[in-house]
Amino acid sequence: MSELTQRKRKIFLTLGIALAFIHLVLVPTGSRGAVLIPTQLEVSIGAEVARQIESKYKLLNNPELTAYVNDVGQKLVKVCGRRDVEYHFKILDEEMVNAFACPGGFIYVTTGILKLMDNEAELAVVLGHEIGHIAARHGAKKLQAQIGYSLLLSFLFKDQDVRNIANVAFNLIFLGYGRQDEFEADNLG
């Protein structure tokens, strides 16, 4: 067998392994695919992310409003499809209009978004959406994909430039999957 044929064979074998890996581990988003990250690790990672968020942003010092947001959130948790984590609802004292979920049950809303709400139903919709992200384990799936992808790249490629280019492409691909997760979170919420 010629050297060129052997090289082509090696390239196709490597691409085949990479595509199988991508299909089994990296592609699973939304309702497809299994999450390999254990719940306990997901919660630990989420707790660390929450700690970092709370060191960067100020929590609202309003026990009554915080209790209200938590009460609405906990009512929703009672009927959600994922109750193997403890849910934490907190308010960031920020004017930006935002709400987001961290892996493992940590949910934040900003004072900016709360000011736009007219009633409890509007808050329930926002919190339900964020609970949907946690129920679908979107954060854990993204983390799993990134870890798996990084391992795959370090295994397949030795050249740092190729890895950097592949990282850019990977991030662009994953930007396209965000809408699907958003729709699924809406549906679950």
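In this predicted model, three strands come together in an open sheet, arranged in the order S1-S3-S2 with mixed pairing. Strand S1 (88-92) and strand S2 (99-102) form the edges, each pairing on one side only. Neighbouring strands of the sheet are turned against each other by 20° on average, direction ignored.

A closer look at S2 is a helpful way into the rest of the fold. S2 pairs with strand S3 (residues 106-110) in the antiparallel sense, and four bridges join the two. Within this pairing, Cys 102 has Phe 106 of S3 as its bridge partner. Helix H2 (residues 39-56) packs on the sheet and touches S1, S2 and S3, with its direction at about 25° to that of S3.

Cys 102 also deserves a word on its surroundings. Its relative accessibility is 5%, and the residue therefore counts as buried, the limit being under 20%. Cys 80 falls under that limit too and so counts as buried, at 10% relative accessibility. As for disulfides, with sulfur atoms required to lie within 2.5 Å, the count comes to zero.

The sheet residue Cys 102 turns up once again in the second largest pocket, where Ala 101, Cys 102, His 133, His 138 and Gly 139 are the lining residues nearest the centre. The lining comprises 13 residues, and the pocket has a volume of about 170 Å³. Three elements, S2, helix H5 (120-135) and helix H6 (138-156), each contribute at least two residues to this lining. Strand S2 is thus both an edge of the sheet and a contributor to the pocket lining.

Terms used
Residues numbered from 1 in each chain as written. Predicted model: local features only at pLDDT ≥ 70, side-chain atom pairs only at ≥ 80, totals over all residues. Heavy atoms only, no water. Buried < 20%, exposed > 50% of the residue type's maximum accessible area, 1.4 Å probe, protein only. Pairing = 2+ DSSP bridges. Axes fitted to C-alpha atoms, helices over the stretch in contact; angles between N-to-C directions. Contact = heavy atoms within 4.5 Å. 1 Å grid on protein atoms, 1.4 Å probe; cavity = no way out; pocket = protein on both sides within 12 Å on 5 of 7 lines; lining within 4 Å. Points joined across faces, edges and corners; volume = space filled by probe spheres on them.
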